[in-house]
Amino acid sequence: MTTAPKNGKKLGILGAGGVGSATAYAAMLRGTADEIVIYDIATERAIAEALDISHGSMFAHEATVIGGSDVELLRDCDLIIVTAGARQQPGQPRLELAAANVRIFESMLPPIMEVAPNATLMIVTNPCDVLAVVAQKITGLPTERCFASGTVLDSSRLRWLIADRADVSMRSVHANIIGEHGDSEFPVWTAANIGMVPIDEWTKDGEIIFTPEVKEELALEAMQAAYRIIEGKGSTNYAIGISAARIAEAILKGQRAVLPVSTQINGRYGIEGDAALSLPSIVSYGGVEQVLEIPLGDEEIEKLQKSAAAINNSLKQIGF
C-alpha cells in the first residue's frame, strides 16, 4: 500500500544497494522529501527496500516511498541522487573505479534525464569527482545542477575525530576537508576552530592538543576511514546515506547551506581543466549556487592543484 503523494518535493535515488537504501532511509527519517523513489534494474530489490522503509514511516516522516525498475517512476523528480555503480574493493583507490562506472552512466543517465529534464543531479557513486564531470558532459546539464557529494562526509569524519580528541560536541567543531574525495584531500587547518577558538590554540590541562603530529594523524585517519570500514564490512553506506540526505535537504528546501560539495571550479586557484573539486559552496534550490572563495595559503593551493591534476588525469584516461 502507498499513500498519495503530497504537493511537495520529489527525490529520486538511483541504486537500491547499501548506499541508495541508506540514503532513502535517512531521507525518510529526516523529512527530506515528500516522495522518494528508489530506482534499480533489480526490480524486486528496489520494491522490497521501498516497502521496508515505508513500513517505518509512521515513526518518522510520512513520505511516499516507492521502488522499481520503470524509468517512469522518476518522472518530474526535483533531485536525483546517483548511487548506482561498481562497488569499491578493499584497498582500491576511488579513481580506479572510473572506467567501469562511466559505462554504467552512459547507458543509465540519458533515459532518466528524458523523464526528469529539470532535475538537479547529485553524484555519490565513486570516484564522485570524476563522475560528476562525466555526468555533466553526458547530460549537458549546467555545472551547478550536476555535482558530487564531495567531501561532506570526509569533513564530518574529521569533525568527529576532532571532537573526540577535544572532548566536545561535534556541533561545536568547525573544520572542512577540501579537494578530491580521495587520497589527495586535505583539511584546511588554518580555518579550523572549536567554538571560535582556533584549533592550534585549543588546550587541555594547559597543553596544546592539536600539534602538527596530531593534525597529520587525524587527517590521515579521516581520509582512510572508508578503507577501514570496507575491510570490515565490504562497503560504507550509513554515513554517506545521511550525508547525501543532508545535501538533498539543502536543495529541496532551499536552505542556502554552506557545504563542501564537489563541482567544476572553472579556473579558480590557478587550476585548469574540467576537474570537479570540493570547496565550501552555497547549496540551495539551484544546486551549487556559489562556490566560495576561501583564503588559502600557498601550500594549500598547491595541494588543491595536486587534487585537480589527479582528477584531470583520470578524466583524460577515460576519454573525458
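**View A. T120 and the residues it touches.** Skipping neighbours within four places in sequence, T120 is in contact with D78, L79, I80, R145, F147, I251, Y285 and G287. Keep in mind that this is a predicted model. T120 is part of strand 5, which covers residues 120-123. Its relative accessibility comes out at 3%, and since buried means under 20%, T120 counts as buried. Two names from the contact list come back in later views: I251 and G287.

**View B. An open sheet of 3 strands.** Here the strand order is 14-17-18, and the pairing is antiparallel. Which strands sit at the edges? They are strand 14 (257-259) and strand 18 (287-291), each pairing on one side only. On average, and ignoring direction, neighbouring strands in this sheet are turned by 40 degrees against each other.

**View C. Zooming in on strands 17 and 18.** Strand 17 takes in residues 281-284, and 4 bridges link it to strand 18 in the antiparallel sense. One spot to look at is S284, which has G287 of strand 18 standing opposite. That G287 is also one of the residues in contact with T120.

**View D. Helix 7 against the sheet.** Helix 7 (residues 238-252) packs on the sheet and touches strand 14 and strand 17. What angle does the direction of helix 7 make with that of strand 17? About 70 degrees. With its 15 residues, helix 7 reaches 21 Å from first C-alpha to last, close to the 21 Å expected at 1.5 Å a residue. Just after the helix, G254 takes a positive phi of about 55 degrees.

**View E. What's covered in helix 7, and what isn't quite.** How many of the 15 residues of helix 7 are buried? The count is 11, so the helix is mostly covered. The buried set includes I240, G241 and S243, then A244 and A245, and towards the end A250, I251 and L252. E249 is on that buried list too, and I251 is among the contacts of T120. I242, also in helix 7, counts as partly exposed because its relative accessibility is 45%, and that class runs between 20% and 50%.

**View F. I242 and I282 in one frame.** How far apart are I242 and I282 in space? Their C-alpha atoms are 19 Å apart, with the two positions 40 residues apart in sequence numbering. I242 belongs to helix 7.

Key:
Residues are numbered from 1 along each chain as its sequence is written. This is a predicted model: local features need pLDDT of at least 70, side-chain atom pairs count only at pLDDT 80 or more; totals for chains, interfaces and linings use all residues. Side-chain values use heavy atoms; hydrogens and water are left out. Helices (H or I, at least four residues) and strands (E, at least two) are DSSP runs, numbered from the N terminus. Buried means under 20% relative accessible area, exposed over 50%, partly exposed in between (1.4 Å probe, protein chains only). Contact means heavy atoms within 4.5 Å. Two strands pair if DSSP finds at least two bridges between them. Axes are lines fitted to C-alpha atoms, for helices over the stretch in contact, and angles run from 0 to 180 degrees between N-to-C directions. The expected span of a helix is 1.5 Å times one less than its number of residues.
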